[in-house]
Amino acid sequence: MKDTFYITTPIYYVNDVPHIGHAYTTIACDALARWHRMLGKRVFFLTGTDEHGEKVQKSAAAKGLSPRELADQVVTNFQGLTPALTISNTGFIRTTEPRHYASVQDLFRKSLASGDIYLGEYEGWYCVPDEAYWTATQITDGNCPTCGRPVEKRKEPSWFFRLSKYQEPLLDYYRKHPAFIRPESRRNEVVAFVEGGLNDLSVSRTSLSWGIPVPEAPGHVIYVWYDALTNYITGLGYPSPTAEFGTFWPADIHMVGKDILRFHAVYWPAFLMSAGVAPPLGVFAHGWWTVEGQKMSKSLGNVVDPYEMVRKYGADAFRYFLLREVSFGLDGDFSEKELVRRANSELADKLGNLLNRSLGMLGKYFAGVVPAPGRSEPADAVLSACGRECAPAVAAAMDEVAIHKALAAIIDLVTKGNEYVQSTQPWALAKYPGKRARLGTVLYNALEASRVAALLMAPFTPTAAQKLWEALVPGGEPVENARIDRDGAWGRLAAGATLPAACIVFPKIET
Ligand code: ME8
């Protein structure tokens, strides 16, 4: 097993405030980063902001600010997501930092030197909001094929990247790395796009000034996507031969929304190949959220503010809902009603309840001291088998970035835990002194199922998982320092430990 893991979010445009889409990508990456740490790997987790380009320049002008002033204001909203959503990123990059200028210019120079970047003239249809040029055949009725907004005809001298040369190398890379683009359906889309032929790509602009200058070419700034994609290596210290770059590159997962997959799976590996840098190992494209059945948009006034969700429901419930509600990779629909329903029925009534009722009975019947389990009966074997299979099931799911399946496996364990308590009826056993050993075994197993669930929930609902963990492993290491292979094994709950009588981690959300 590779002992390092490098995961990135897209860098977010500072022309607007964070919304559910930003929160979603960042939360998914955080769950993966935390998971891989708990496998014992060294993890680098990068996020940041995309601060150059026409979009930011225009937004700033509309507010009477310089682009840098706008970026300095808005960046704090994105940096604030880290504490608000309990994100464990190890780096934050702003594309306006000097280290990033050095990195982008270095990469650009390498492709100039290899002859893959040359001077020409660009004419095409430009979508300002997406910062993308399209050919006449790609646009539909004068509109951008991805966002549907009107495009404008533009002509300017430009440096070009010889993308056409990389058609075969890219197809070859996709063939040799079948997991490079996930999910599978998206991979097929990208392969078909590249098989359709690649045009050289305009990678500089003279029509705007808010960007990184093309080396030795006054008046040209580097195309914002070339600039933005390079953040993934700048964040590790490129081009300095830093330990981070040597250790963590190539990235394991660039997590992106489905709309920006092409930039990551086609352009980015080609830029890197041209400069003699290894391409990333994986790009995962997740789906999009609608809000109560409608496309999210400012004009509809239905933009979901992650800060507001955290204020209302807490970060854990919000994280849980986003990761549990949809098959990771597909589109989903956000509704607060569903969020509350899931948080109440799964986090409060299943996960929280299993621990609480078990702790309550432990306090009542054993003065809070965990009994040693005795002989196993068939009902115990069903629960312990589920408990034993849970960590491997979560591991398999996380391996294929099926985050929803990981959560389903954990909820399945606590559901079985509650059914176990229901069927073994410890309160009835407590009436007979002769059944004390059996009572002890039942409570041990119920608590052990909670312990395994608490451990496995740590990547997804970190704050709540820590509280559950503290109740079950008093005085132990924080759950984020636990190891899945060691602590995920069934039967590690310490007999003889004294546990609290209650632990309310998920109070019911009142509506
Ligand atoms: O694209 N549901 O930045 P960005 C889910 N700067 N995800 C959504 C969404 C929705 N309704 N709306 C948007 C950029 N997103 C570039 C990236 S990376 C080198 C440069 C996602 O702030 C979208 O898919 O416009 C994208 O992944 C992310 O939000 C950032 O969007």
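**View 1. Asp 259 meets the ligand through its side chain.** In this predicted model, a side-chain N or O atom of Asp 259 lies 2.4 Å from an oxygen atom of the ligand. That is a polar contact, meaning a pair of N or O atoms within 3.5 Å. The protein covers 93% of the 680 Å² of accessible area that the ligand has on its own; areas come from the Shrake-Rupley method with a 1.4 Å probe.

**View 2. Backbone atoms of Gly 257 and Tyr 13 face ligand oxygens.** For Gly 257, a backbone N or O atom is 3.0 Å from an oxygen atom of the ligand. For Tyr 13, the distance is 3.1 Å, again from a backbone N or O atom.

**View 3. A shell of 22 residues surrounds the ligand.** Each has a heavy atom within 4 Å of the ligand. Ile 11, Asp 50, Gly 257, Asp 259 and Trp 289 come nearest. Strand β1 (4-13) gives the most, with 4 residues. Helices α1 (20-38), α8 (224-229) and α9 (231-234) each supply at least two. Helices are DSSP runs of H or I, at least four residues; strands are runs of E, at least two.

**View 4. Ala 446 sits in helix α18 (residues 436-457).** Ala 446 is buried, at 0% relative accessible area; buried means under 20%, with a 1.4 Å probe and protein chains only. Beyond neighbours within four places in sequence, its contacts (heavy atoms within 4.5 Å) are Leu 354, Ser 358, Leu 383, Tyr 420 and Val 421.

**Notes.** Residues are numbered from 1 along each chain as its sequence is written, and side-chain values use heavy atoms, without hydrogens and water. Local features need pLDDT of at least 70, side-chain atom pairs count only at pLDDT 80 or more, and totals for chains, interfaces and linings use all residues.

Note on methods: Buried < 20%, exposed > 50% of the residue type's maximum accessible area, 1.4 Å probe, protein only. Polar contact = N/O pair within 3.5 Å; in protein donor to acceptor, adjacent residues only side chain to side chain.
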